[in-house]
Amino acid sequence: MSVDRVDKATEQWARERPDLDGLDAMATFGRLARLVALAGPAIDTGLEPHGLKVGEFDVLACLRRAGEPFELTPTALVGELLLSSGAMTNRLDGLENRGLLRRRPDPSDRRGVLVGLTDDGRNLIDRAVESHVANEQRILSVLGTRDRAALDRAVRALVESLEN
């Protein structure tokens, strides 16, 4: 493997602060940050032909995964997508203005609202998710099956430790 930016930074820290333990942890987080920074634009590019940004894709995908009738409350969406209510309202407004989702009163809660996919929204997310998955497979194609499984296990363990 070649020396990358993270290796260089770690070597510099080791030289300047040989007393520091845990530079391997710093390197891991540095690489994770670089991965997010580099993969994000590649994922954005994959969604561009569908006229979607990642955040919009996430909302539509969450509704689609919910199954028939493809509806959730805004509170459920906020919880699933880890957004503020203000950020969710902005996304919902934009998607509703584009005719991709609709809001209607919640029959089980007089004060509540249900957000659901329109036919256009469902058709769009069904097309977009196919190319999105293919794009993510392409990005991960440099890893073999074992490495992908090991990466998934490791990242899952880290996420679980931070969520608890």
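Two strands count as paired here if DSSP finds at least two bridges between them. With that settled, here are the close-ups, all taken from a predicted model.

**View 1. Three strands make an open, antiparallel sheet.** The strand order is β1-β3-β2, and the pairing is antiparallel. That leaves β1 (71-72) and β2 as the edge strands, each pairing on one side only. Between β1 and β3 there are 2 bridges, in the antiparallel sense. To find this pairing in the view, look for Glu71, whose bridge partner in β3 is Gly116.

**View 2. A hairpin links β2 and β3.** Strand β2 covers residues 101-106 and strand β3 covers residues 109-117; the two run antiparallel and are joined by 6 bridges. The hairpin gets from β2 to β3 through 2 residues. A handy landmark is Arg104, which has Leu114 as its bridge partner in β3. As a general reminder, strands of a sheet pair through backbone hydrogen bonds, either parallel or antiparallel.

**View 3. The largest nonpolar core brings together 23 residues.** If you want to know where the contacts pile up, go to Val59, Leu60, Leu63 and Leu77, the residues with the most contacts inside this core. At least two residues each come from α3 (54-65), α4 (74-81), α5 (85-97), β3 and α6 (119-140). Helix α3 gives the most, with 6 residues. Now pick out Leu77 and skip its neighbours within four places in sequence: what is left in contact with Leu77 is Val59, Cys62, Leu63, Leu72, Met88, Leu92 and Val115.

**View 4. Arg31 and Asp7 form a salt bridge between two helices.** The closest N and O atoms of this pair are 2.6 Å apart. Arg31 sits in helix α2 and Asp7 in helix α1, so the salt bridge ties together parts that are 24 residues apart in sequence. How covered are the two partners? Arg31 counts as partly exposed because its relative accessibility is 33%. Asp7 also counts as partly exposed, at 24% relative accessibility.

**View 5. Thr10 is a buried residue in helix α1.** The helix itself spans residues 5-16. Thr10 counts as buried because its relative accessibility is 18%, and the cut-off for buried is under 20%. Setting aside the neighbours within four places in sequence, Thr10 is in contact with Leu23 and Ala27. Elsewhere, Glu16 and Arg15 form a salt bridge, with their closest N and O atoms 2.9 Å apart. Both Glu16 and Arg15 are exposed.

**View 6. Four charged residues share a network of salt bridges.** The members are Arg64, Glu68, Arg122 and Asp126. For the wider picture, the salt-bridge count comes to 13.

**View 7. A nonpolar patch of about 610 Å² lies on the surface.** Phe29, Leu32, Leu35, Leu140, Leu151, Val155, Leu158 and Val159 make it up. Two elements give two or more residues to the patch: α2 (23-47) and α7 (145-163). Which of the elements gives the most? It is α7, with 4 residues. One residue to zoom in on is Leu158, which lies in helix α7. Leu158 counts as partly exposed because its relative accessibility is 38%.

**View 8. Asp152 and Arg156 pair up along helix α7.** Their side chains meet in a salt bridge at 3.6 Å, N to O. The two residues are 4 apart in the helix, so about one helical turn separates Asp152 from Arg156. Asp152 is partly exposed, with a relative accessible area of 45%. Arg156 is partly exposed too, with a relative accessible area of 49%.

**View 9. Asp44 gives a distance to check in helix α2.** Asp44 is found in that helix, and it counts as partly exposed because its relative accessible area is 34%. From the C-alpha atom of Asp44 to the C-alpha atom of Leu81, the separation is 17 Å, and the two residues are 37 residues apart along the chain.

Key
Residues numbered from 1 in each chain as written. Predicted model: local features only at pLDDT ≥ 70, side-chain atom pairs only at ≥ 80, totals over all residues. Heavy atoms only, no water. Patch = residues over 30% accessible without salt bridge, like charges linked within 9 Å, V, L, I, M, F, W, Y side chains within 5 Å. Areas by Shrake-Rupley, 256 points an atom, 1.4 Å probe, with all protein chains shown as cover. Buried < 20%, exposed > 50% of the residue type's maximum accessible area, 1.4 Å probe, protein only. Contact = heavy atoms within 4.5 Å. Core = buried A, V, L, I, M, F, W, Y, C linked by side-chain atoms within 4.5 Å.
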